[in-house]
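Subject: Structure handover

Hello,

Please find the structure we spoke about below. My notes come after it.

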Amino acid sequence: MSIDLHAYLTRIGRPGDTHPTLDVLRSVHRGHIEGIPFENLDPVLGGAPSLALADLEAKLVHGARGGYCYEHNTLLAAALTAIGFRVTLLTARVLVGAREGEIRPRTHMLMLTEVPGEPVPYVTDVGFGSIGSLLEPIPLTAGAELHDAPRRHRLVHEPHEGPLELWKLQAYLRAEGEWEDQYSFTVEPFEAPDYEVINWHIATNPRSPFARGVYVQRTTPDTHLSLTGRRFTETAPDGSLTERELADGSEVLKVLRDEFGIRLPEGTRLPG
């Protein structure tokens, strides 16, 4: 099955030019980030989300819903391929919040996108679901720095013993004035069945944070919104925060609808 490219581009507010150029890649990437929220509501409600393209289109394109990394980046990969880009799927170890010496499994999906005429591929990722996530793709070059306003990112090499170079994405924290590790990865290709296994683990393992509590993110041109459990946070471009605790499940559903554009079926009750 091929993606309905027109419907997808309309959903992210980028209908029009579909030539495989760097400007189009940047535009589609930012449009996706700003157009479709990150959310883990399917696992919280007791199910593993489908990664079939038809189901992703029904949910993320037509269904007033979002998803987490496997959903977002599978959908984007299909769209970029339809436009004419060549995409290589990868996985990464999330480093944000990791303890010193902690080795986490590779559970995050991202990709490399080859742009005709460009000397190196671009790290492309619309599914990280964090204030430190990329707003635009970044070239796979050591020391490359991206000013994807209002954010700022760079890629560095991380020494390790493996045969492939280890890359690390970092985001600049304005408030602290320092770089923070986001995730590390190699360029070993992964395939759709690999993500089916990882997706099932993340969605159904009772120890997985994505199976235990609500985690929703939305990026707009003016702000970043997040909902963790009942804690609703708005982050301004300068890094300043506004936080409040939601009263109950009914208010959570209202905030999901009004602030994140997420509409769940009538009668849905979130745990906790």
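The notes go from the whole chain to the sheets, then to one helix and one residue.

Overall

Please keep in mind that this is a predicted model. The secondary structure amounts to eight helices and 13 strands. For 272 residues the globule rule gives 19 Å, and the radius of gyration is 18 Å, close to that value, so the protein is as compact as a globular protein of that length. Along the principal axes, the C-alpha atoms fill a box of roughly 50 × 45 × 35 Å. Of the 272 residues, 46% are buried. If you take the contacts between residues at least 6 apart in sequence, 53% of them join residues at least 24 apart.

The five-stranded sheet

One open sheet has five strands in the order S1-S10-S11-S12-S13, paired antiparallel. Its edges are strand S1 (38–39) and strand S13 (241–245); each has a single partner strand, so one side of each is left without a neighbour in the sheet. Helix H8 (residues 249–260) packs on this sheet and touches S10, strand S11 (224–228), strand S12 (231–235) and S13. The direction of H8 makes about 160 degrees with that of S11. At the S1 edge, two bridges join S1 to S10, and Glu 39 stands opposite Val 216 in S10.

Pairing around S9

Strand S9 (residues 178–185) is joined to strand S2 (residues 86–94) by three bridges, and the two run antiparallel. Here Arg 93 has Ser 184 in S9 as its bridge partner. S9 is also antiparallel to strand S8 (residues 167–173), with seven bridges between them. In that pairing, Gln 170 is matched with Asp 181 in S9. S8 and S9 form a hairpin with four residues between the strands, and Gly 177 in this hairpin takes a positive phi near 65 degrees.

Helix H2

H2 covers residues 22–35, which makes 14 residues. From its first C-alpha to its last it reaches 19 Å, close to the 20 Å expected at 1.5 Å a residue. How much of H2 is buried? The count is 10 of the 14 residues, so the helix is largely enclosed by the rest of the structure. Among the buried residues are Leu 22, Val 24, Leu 25, Val 28 and Ile 33. The buried set also includes His 29, Arg 30, His 32 and Glu 34. Their cover includes three strands, S3 (106–114), S4 (122–124) and S10 (215–219), along with helices H1 (5–11) and H5 (69–83). S10 thus appears twice in these notes, as part of the cover of H2 and as a member of the five-stranded sheet.

Thr 268

Thr 268 is found in the segment after H8. Is Thr 268 buried or exposed? Its relative accessibility is 17%, and the cut-off for buried is under 20%, so Thr 268 counts as buried. A polar atom of its side chain lies 2.7 Å from the backbone oxygen of Pro 265. Beyond its neighbours within four places in sequence, Thr 268 is in contact with Leu 45 and Leu 253. Pro 237 is 31 residues from Thr 268 in sequence, and their C-alpha atoms are 33 Å apart in space.

Regards

Conventions: Residues numbered from 1 in each chain as written. Predicted model: local features only at pLDDT ≥ 70, side-chain atom pairs only at ≥ 80, totals over all residues. Heavy atoms only, no water. Expected span 1.5 Å × (residues − 1). Buried < 20%, exposed > 50% of the residue type's maximum accessible area, 1.4 Å probe, protein only. Contact = heavy atoms within 4.5 Å. Pairing = 2+ DSSP bridges. Axes fitted to C-alpha atoms, helices over the stretch in contact; angles between N-to-C directions. Polar contact = N/O pair within 3.5 Å; in protein donor to acceptor, adjacent residues only side chain to side chain. Rg over C-alpha atoms; globule rule 2.2 N^0.38 Å.
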